[in-house]
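Here's a quick briefing to read alongside the structure. Have the sequence and the 3D view open, and take the bullets one topic at a time.

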Amino acid sequence: MKPVLHAVDASGAAQPSIPHYAPAGNECALFELAWRRRLPLLLKGPTGCGKTRFVAHMATRLGLPLHTVACHDDLSAADLTGRHLLKGGDTVWTDGPLTRAVREGGICYLDEIVEARKDVAVVLHPLTDDRRILPLERTGEELSAPPGFMLVVSYNPGYQSLLKALKPSTRQRFVAIEFDFLPAEQEIAVVAAESGLSPERVRPLVALAARLRALKGHDLEEGVSTRLVVYAAGLIAAGLRPAEAVLAAMIEPLTDEPDVKAALVEVAKAVTG
Ligand SMILES: Nc1ncnc2c1ncn2[C@@H]1O[C@H](COP(=O)(O)OP(=O)(O)O)[C@@H](O)[C@H]1O
Ligand SMILES: [Mg+2]
């Protein structure tokens, strides 16, 4: 099979039409191999560390349609597969996003899979072993996934409770990649590219992010995401004073506790001046 990772120039930079993604390791090659081997993929890592961007980047690089579903606690198997809907007095079967992806091929990306209802696992199981089928009980169909179909799911292990964990019988059907925040120099480059703020002015924001991430589990449920650092840098680039941008984009979103917030403001003053 010919290599398909053609849309990268000699310097390794992605061409403009491809959503920009700075890899941390071998995840791009791994994704492509998983796709070629027809293996489902599980991405785990904290919120805002690049999982969704990675999937968008790879879908474009591989020339695959991307069907994204943001899972929530009310999402059921029928929301994914489809249901009979009333149309002008008749009931008409309407495909859900998973069924559409299986019919059309391409990547079906279930974001925050652990949020979805338990019955979702039942429809994923026959799709994620070598059968690669999607039985549609209500229409009596049994769809075979075409070679270009790939299931990708993501979740944040940091949010996990016993109630919301992926069962081993589900997770052991996936090849998995762990994501984390990029090393400082790489995160500076990403935030500068995303926000338009110069790397020198991004540097203290990334230093602050590292300090705030170290507080995870003590005062904070979750450290500050790369997404929020991009927001802060973007606000500064647009003319907001750095202290105000840091408060609005990197502190307020993290906590509602006045004491914790006051402590974070002190940390921010110490790091960014
Ligand atoms: N490795 C990366 N390369 C490029 N941009 C990144 C990277 N990691 C994070 N980002 C930036 O952070 C934002 C949030 O990332 P996203 O993929 O939405 O996070 P997740 O899906 O893990 O919650 C992106 O929109 C992008 O601006
Ligand atoms: Mg995401």
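**Overall picture**

Of the chain's 273 residues, 34% count as buried. Bear in mind that this is a predicted model. The chain's secondary structure adds up to 11 helices and nine strands, and its C-alpha atoms fill a box of roughly 65 × 45 × 40 Å along the principal axes. As for contacts between residues at a separation of 6 or more, 68% of them link residues 24 or more positions apart.

**How confident is the prediction?**

- The average pLDDT of the chain is 90, and 92% of the residues score at least 70.
- Over residues 1-7, though, the pLDDT is below 50, and this stretch has nine contacts in the model beyond near neighbours in sequence.
- Among the elements of the chain, helix 9 (residues 226-237) gets the highest mean pLDDT, 98, while helix 6 (residues 168-171) gets the lowest, 87.

**Two domains**

- The domain assignment splits things into domain 1 (27-178) and domain 2 (184-272).
- Taken over C-alpha atoms, the centres of domain 1 and domain 2 are 32 Å apart.
- Where the two meet, six residues of domain 1 are in contact with six residues of domain 2.
- On the domain 1 side of that meeting point you'll find two nonpolar residues, four polar ones and no charged ones.

**The annotated C-terminal stretch**

- An unreviewed UniProt entry carries the annotation "domain: CbbQ/NirQ/NorQ C-terminal" for residues 187-271.
- In the model, residues 187-271 are 71% helix and 0% strand.
- The end C-alpha atoms of residues 187-271 are 17 Å apart.

**Helix 11**

- Helix 11 covers residues 258-272, which makes 15 residues.
- From its first C-alpha to its last, helix 11 reaches 21 Å, close to the 21 Å expected at 1.5 Å a residue.
- Right after helix 11 comes G273, and its phi is positive, near 80 degrees.

**L254, a buried loop residue**

- Look for L254 in the loop between helix 10 (242-251) and helix 11.
- Why does L254 count as buried? It has 21 C-beta neighbours inside 10 Å, and the cut-off for buried is 20 or more.
- Leaving out residues up to four places away in sequence, L254 touches L212, L220, V224 and L264.
- L254 and E222 are 32 residues apart along the chain, yet their C-alpha atoms are separated by 7.4 Å.

**Two arginines with positive phi**

- R38 is not a glycine, but it has a positive phi of about 60 degrees.
- You'll find R38 in the loop between helix 1 (27-36) and strand 1 (41-44).
- R38 has 15 other C-beta atoms within 10 Å, so it is partly exposed.
- R132 also has a positive phi, near 50 degrees, in a residue other than glycine.
- R132 sits in the loop between helix 5 (120-124) and strand 6 (133-136).
- With 18 C-beta neighbours inside 10 Å, R132 counts as partly exposed, because buried would take 20 or more.

Notes. Residues numbered from 1 in each chain as written. Chains lettered and ligands numbered in written order. Predicted model: local features only at pLDDT ≥ 70, side-chain atom pairs only at ≥ 80, totals over all residues. Domains from an automatic or database assignment. Contact = placed C-beta atoms within 7 Å. Nonpolar A, V, L, I, M, F, W, Y, C, P; charged D, E, K, R; others polar. Helix = DSSP H or I, 4+ residues; strand = E, 2+ residues; numbered from the N terminus. Expected span 1.5 Å × (residues − 1). pLDDT = per-residue confidence, 0-100. UniProt positions renumbered as here; feature names shortened; annotations may be inferred. Buried ≥ 20, exposed ≤ 12 C-beta atoms within 10 Å, placed from the backbone.
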